[in-house]
Amino acid sequence: MKVSGMWILAALRNMTFYSVSELNAAIWELLEELNAQPFQKRSGSRRSWFEEQEKAALKPLPKESFEIFEFNKARVAPDYHIQIEGHFYSVPFTLVKEVLEVCIRPRIVQAFHRNRMVATHRRSTVLG
């Protein structure tokens, strides 16, 4: 990344772009040019090295895209609910006063007790 990033930035430094798509097109063009340049100390280029050595080792991308999530802790209240971001989610009543780990995903909230999932709820989006 270091060599390619510096090489591309040097080539773009005196150019003006009026949109991100215009900038991206210029970057892709320069990247293709860089990848086609022959190595100085061995035969081939970055593109040929990738095709011959690395491409076969690639695995397919996962079918589901990565989802950013956050882990927090929450104590179970006497009414057997935990509060996350101002919203209340029920958990088993046997866990009153216990501290749970809570995984907060964009659409789901999951509660764990001792690494075992004890509750899962659709995440509330209601502003209140």
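**Arginine 42 and two rings**

Arginine 42 sits over the face of tryptophan 49, at 4.4 Å from the ring centre. Arginine 42 also lies over the face of phenylalanine 39, there at 4.5 Å from the ring centre. Both placements come from a predicted model.

**Aromatic pairs**

How many aromatic pairs does a search of the whole structure find? The search finds two. One joins phenylalanine 69 and phenylalanine 71. Their rings meet edge-to-face, 5.7 Å centre to centre, with 80° between the planes. Phenylalanine 69 is partly exposed, with a relative accessible area of 36%. Phenylalanine 71 is partly exposed too, with a relative accessible area of 46%.

Phenylalanine 71 also pairs with phenylalanine 112. Here the ring centres are 6.3 Å apart and the planes stand at 45°, so the pair is tilted. Phenylalanine 71 belongs to strand β1 (residues 70-75), and phenylalanine 112 belongs to strand β5. The pair therefore ties together parts that are 41 residues apart in sequence. Phe69, Phe71 and Phe112 make up one aromatic cluster.

**The largest nonpolar core**

The largest nonpolar core has 14 residues. Which of them touch the most other members? They are Val76, Ile82, Ile84, Val91, Leu100, Val102 and Ala111. Four elements give two or more residues to this core: β2 (81-84), β4 (99-104), β5 (108-113) and β6 (116-122). The largest share comes from β4, with three residues.

Isoleucine 84 shows some of the contacts. Leaving aside neighbours within four places in sequence, isoleucine 84 is in contact with Ala74, Tyr89, Val102 and Ile104. Val102 is, like Ile84, among the core residues that touch the most other members.

**Strand β2 and its hairpin**

In a regular strand the side chains alternate between the two faces of the sheet. Strand β2 shows such alternation. Ile82 and Ile84 point to one face and are buried. His81 and Gln83 point to the other face and are not buried.

Which way do β2 and β3 run, parallel or antiparallel? They run antiparallel, and four bridges join β2 to β3 (residues 87-90). Histidine 81 of β2 stands opposite serine 90 in β3. The two strands form a hairpin with two residues between them. Glutamate 85, in the turn, has a positive phi of about 50°.

**Helix α1**

Helix α1 covers residues 2-12. Its buried residues are Ser4, Gly5, Ile8 and Leu12. Seen down the axis of α1, these residues fall within an arc of 100°, so they line one face of the helix. What covers them includes α2.

The face of α1 turned away from the buried side looks different in its exposure. Lys2, Val3 and Met6 sit there, and they are exposed.

**Asparagine 35 in helix α2**

Asparagine 35 is placed in helix α2 (residues 20-36). Is asparagine 35 buried or exposed? Asparagine 35 counts as buried because its relative accessibility is 16%, and the cut-off for buried is under 20%. Leaving aside neighbours within four places in sequence, asparagine 35 is in contact with Ser45, Arg46 and Arg47.

Terms used
Residues numbered from 1 in each chain as written. Predicted model: local features only at pLDDT ≥ 70, side-chain atom pairs only at ≥ 80, totals over all residues. Heavy atoms only, no water. Core = buried A, V, L, I, M, F, W, Y, C linked by side-chain atoms within 4.5 Å. Buried < 20%, exposed > 50% of the residue type's maximum accessible area, 1.4 Å probe, protein only. Contact = heavy atoms within 4.5 Å. Pairing = 2+ DSSP bridges. Arc of directions from axis to C-beta. Phe/Tyr/Trp six-rings, centres within 6.5 Å; stacked < 30°, edge-to-face > 60°. Lys NZ or Arg CZ within 6 Å of the ring centre and 35° of its normal.
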